[in-house]
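I am keeping these notes while I look through a structure, and I write down each thing as I look it up.

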Amino acid sequence: ISQARNGNLWVSLNGSGFASFDKKNQKFSFFDKTNLADLATNSILNVFEDSKGLLWLGTRDEGIEIFQIDKKRKLKKSEIDFSFLPKVRINQIYEDRYNNVWIASSGGLFFYKRSESKFYSIRINTFYNSNIYLSLIENQTGSLLVGVQDGGAYSLDLKASQQKIPENFTFEQVKNTRNQGITQRSVQSLYMDKDNNIWLGT
């Protein structure tokens, strides 16, 4: 479940497409291959509306789908070329403070640089050389945190990275504290509470 820019909700319905929920009218609108012609699969795991009016759909095994939301909230296939991305499970989609989009998947970590309209594959030297990325969040200081399967979590200074090409991004491992032993765990989820503490679900 995620929030739309108009305050309503998007809901993924793994196997049955996805839906939008109008909070004022208390009604769902459903989308699947029968009423959204350009939708490649009904196996939608993630629905994310970004700041620029794009709807990003993460699928169970078909990679990413991207739709443009018009002024009447109608959906049409985006013209963004995402053929570079593999058809894998999408675990999370996240937009950072610079309006760039990050995609954590079972086949790697991907970065969409908005100013170039281009996707990049990002490799982190993880504990077990895992290439399965599970979760994403940005903290209050402007660092992106990435949860990895069997590899703990890694952070990236987003401001400093604006001056680098994506291939040269430098990720730092989030170290253990109080003997919690997170460096070899799978970080399934990341959450920031109202006090700006980051919680890791393993």
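I looked up tryptophan 56 first and found a relative accessible area of 0%, so I noted tryptophan 56 as buried, where buried means under 20% relative accessible area with a 1.4 Å probe and protein chains only. I should record that this is a predicted model, in which local features need pLDDT of at least 70 and side-chain atom pairs count only at pLDDT 80 or more, while totals for chains, interfaces and linings use all residues. Residues are numbered from 1 along each chain as its sequence is written, and side-chain values use heavy atoms, with hydrogens and water left out.

Next I searched the whole structure for aromatic pairs and got 14, a pair being two rings of Phe, Tyr or Trp (its six-membered ring) with centres within 6.5 Å, called stacked with planes under 30 degrees apart, edge-to-face over 60 and tilted for the rest. Tryptophan 56 and phenylalanine 119 make an edge-to-face pair, at 6.2 Å centre to centre and 75 degrees between the planes. Tryptophan 56 is in strand β6 and phenylalanine 119 in strand β12 (strands are DSSP runs of E, at least two residues, numbered from the N terminus), so this pair ties together parts 63 residues apart in sequence. Phenylalanine 119 counts as buried too, at 6% relative accessibility.

I then turned to tryptophan 102 and phenylalanine 169, whose pair is tilted, with 6.1 Å centre to centre and 40 degrees between the planes. Tryptophan 102 is buried at 0% relative accessibility, and phenylalanine 169 is buried at 12%. Last, I noted that ring pairs link Trp102, Phe111, Tyr120, Phe169 and Phe171 into a cluster.

Definitions and conventions
Helix = DSSP H or I, 4+ residues; strand = E, 2+ residues; numbered from the N terminus. Buried < 20%, exposed > 50% of the residue type's maximum accessible area, 1.4 Å probe, protein only.
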